[in-house]
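Trainee: Could we go through this model together, taking the overall fold, then a pocket, then a single residue?

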Amino acid sequence: MRLIRCRYNQFDDSLNLSPRISFDHELLVNIYIGQPSQGCHPIAFQLRWLREIRHGQIDSSILDAFNKLLQLANGHNLPLEQLMNPFLNNPHIDGRFQNSLRSVYHDDDPTLQHFHHNHDNRYHQLQINQDIGRIIDQFVSNDFVKWIYDKAIDIYKQQVNENDSPHAHYQLELLEIINHGNQSNQQTQHQLADTYNQLGFLTLFLNINNVEVDNKKALLYFNKAAALGNPSGYYNIAEMYSLGYTTGITIDQEERNIIIINYRCSAAEHGHHLSQFLMGLYYTHYQEDLIKSSYYFIRSLQYGYAATLSYMTFYYLHGWGGVKQDFHRAYLYCLLSATANDYDFSITGKDNRSEAYDMLGYMHEHGLGVEINYQTSLQCYAQAARFGNLQSCCCLAKLIEKGKTDINDHLSNSIQLYKFAATSTGCVQGYANYRLGKLYRNNQYVDFYDQQLATIYFKRACNFYQQILETARPAQLYHMGIMHQYGYGTDMNKATASEYYKNAINQSQQSKNIFDLYYSKKAKKRYEQLNIHI
């Protein structure tokens, strides 16, 4: 594995709504070059770490240069890390990196022959690097290593003087930071904390077989980083407990969860943006905790990830979490969410960009924070459907069915979209079947009117809603009311229909959700009309 010091640009912390790269804020990061998996960028994993932990990104021209080197290495059956040797005489890779690439980009370049003849030397250098890593590991707990440590510094100083090796530069800097870790200088403390965190990260990264002793070493490094106030140190401790990398530590699940939350909270308070998001997410489960939730989401907004923007869209849409209801502000956050980068799906549990497009479609359809525009609404729903949002697929189908577009043969298009959504295993299948039943039962659609087919779809919708009755939302309760009131797919029973309408009204008053309130108004109207005639 080869080491390169590479320039990167950090996201500007002063921005409140969207991420923007500040090219005046240029920093250096250590990039380790190994042999990547098939189809992966040579530094894909480290780019993710750089984005999520350091909030930065490497210039695209440098990333392209890495890709070209990988293609060249594969074409000549060479390890990528060995191909990097000619570039290690420049410790700060910048725009010259891609220019240097031209000297080895041709098959007849004699430099390639040199790579083949010096294959064994690469392993010798690698072994030196691993030995020094072990020295650093032992130094944490063994004073005797001080003598070895001093020798290591002498060796690297000699290498720096002889060939100005960037690898030696880096290791010398690393060892000297640790050696002077007890100094009171605040900058040195930050460097030391960051070093401990990087050591913990690399220990886990290289621990392919999940060896318990290496997990303990990583946890020790993260604890040292956290003790020095490093936000990522706190976060990584929480992740180790969350992912089960704490074998040998006997605690029950409840205690483990408390530890995870405490460390995430500490990371959030120290400015770790992902922890701020996770703490905001943690407090979304209960209405009384939404103020705490919005506190953390607002702090995390400066990095402008789609998930955070999506939650703030809903908070301003409903006036939750101590913020004043503001449809226009919600609309702006929703626009940003639709175009922003996002955390991994494993973190958020949902596709926030598709949800943002779905929400934009709804806001344009109903005039929330923006004028009603059915054409824009159609496009937003279509984009969300492209991302696999089946609820948007139904909303798009309904707008087409109701003639909100000038598409020819609109009913056939609607039927295809409804049928596609009906194949879902989620809640949307109930609504899709209900809409198909309504469409085939509508005698104004002469060419499609089929009462028998309508009954089949209504029965499917009714059966599905019965299965989820305990968790049904007001929309689903309202549709159950309709089917019982008119005997669609079930026996006609106005008393049962009235009860469904009443439950939809009561539930929406508790949730104070605008989508629930929309169906609550419809249910209230039906309930009042029905009870007059009962």
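**Pocket lining and one glutamate**

Trainee: Which class, nonpolar, polar or charged, has 20 residues in the lining of the largest pocket?

Mentor: Please keep in mind that this is a predicted model. The largest pocket has a volume of about 1400 Å³, and 41 residues line the pocket, with D358, Q391, N513, F515 and D516 the closest to its centre. Its lining includes 13 polar and eight charged residues, and the class with 20 is nonpolar.

Trainee: Which helix gives the most residues to that lining?

Mentor: The protein chain has 26 helices and three strands, and the elements that give two or more residues to the lining of the largest pocket include α15 (306-318), α20 (390-401) and α26 (514-533), as well as α18 (352-366). Among the contributors, the one that gives the most, with six residues, is α18.

Trainee: Is E401 buried or exposed?

Mentor: E401 has its place in helix α20, and, leaving aside neighbours within four places in sequence, this glutamate is in contact with H410, L411, S414, Y418, R435, L439 and Y445. Its relative accessible area is 3%, and since buried means under 20%, E401 counts as buried.

Trainee: With which side chain does the side chain of E401 make a polar contact at 3.4 Å?

Mentor: Y445 is among the residues in contact with E401 once neighbours within four places in sequence are left aside. A polar contact requires a pair of N or O atoms within 3.5 Å, and the partner that the side chain of E401 meets in this way, at 3.4 Å, is the side chain of Y445.

Note on methods:
Residues numbered from 1 in each chain as written. Predicted model: local features only at pLDDT ≥ 70, side-chain atom pairs only at ≥ 80, totals over all residues. Heavy atoms only, no water. 1 Å grid on protein atoms, 1.4 Å probe; cavity = no way out; pocket = protein on both sides within 12 Å on 5 of 7 lines; lining within 4 Å. Points joined across faces, edges and corners; volume = space filled by probe spheres on them. Helix = DSSP H or I, 4+ residues; strand = E, 2+ residues; numbered from the N terminus. Nonpolar A, V, L, I, M, F, W, Y, C, P; charged D, E, K, R; others polar. Buried < 20%, exposed > 50% of the residue type's maximum accessible area, 1.4 Å probe, protein only. Polar contact = N/O pair within 3.5 Å; in protein donor to acceptor, adjacent residues only side chain to side chain. Contact = heavy atoms within 4.5 Å.
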